Amino acid sequence: MIFKLMVVIVLVYLFYRVVRALNRPAAKPRVPPPAAGEDLVEDPLCHTYVPVTHARRSQIDGKTVYFCSDTCLEQYKKQQKPS
């Protein structure tokens, strides 16, 4: 009887771990740390700081604007279009 109870407990625990692992959110892509002395720039949309060498650049109204990703760049451009 005790053996059956232990087997059930182990199976319930394993089921719990599998369900928990499947519900874990996807990991965000990691940006490598900046090199020593490298400047960081702030994304104007999501306010994430990104090393200049890894940032996406765009000329908007004659000004260079830096973004953390292409997604932020496209969203920013959509927001800037006149209605």
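1. Helices and strands are here DSSP runs, with at least four residues for a helix (H or I) and at least two for a strand (E). On this basis, the protein chain of this predicted model holds two helices and four strands. Their order from the N terminus is α-β-β-β-β-α.

2. On the chain as a whole, 16% of the 83 residues are buried. The accessible surface is about 7,400 Å², and carbon and sulfur atoms contribute 61% of that area. Among contacts in the protein chain with a separation of 6 or more, 20% come from residues 24 or more positions apart.

3. Strands β3 (residues 56-60) and β4 (residues 63-67) run antiparallel and are joined by five bridges. Within this pairing, Arg57 of the chain faces Tyr66 in β4. The hairpin formed by β3 and β4 has two residues between the strands, and Asp61 adopts a positive phi near 55° there.

4. A salt bridge requires a side-chain nitrogen of Lys or Arg within 4 Å of a carboxyl oxygen of Asp or Glu. One salt bridge is counted by this rule. Asp70 and Arg56 form a salt bridge, with 3.2 Å between the closest N and O atoms. Asp70 belongs to helix α2 (residues 70-80) and Arg56 to strand β3, so the pair ties together parts 14 residues apart in sequence.

5. How exposed are the partners, Asp70 and Arg56? Asp70 is partly exposed, at a relative accessible area of 44%. Arg56 is likewise partly exposed, its relative accessible area being 36%.

Definitions and conventions:
Residues are numbered from 1 along each chain as its sequence is written. This is a predicted model: local features need pLDDT of at least 70, side-chain atom pairs count only at pLDDT 80 or more; totals for chains, interfaces and linings use all residues. Side-chain values use heavy atoms; hydrogens and water are left out. Two strands pair if DSSP finds at least two bridges between them. Buried means under 20% relative accessible area, exposed over 50%, partly exposed in between (1.4 Å probe, protein chains only). Contact means heavy atoms within 4.5 Å. Accessible areas come from the Shrake-Rupley method with a 1.4 Å probe; for residues, only the protein chains shown count as cover.
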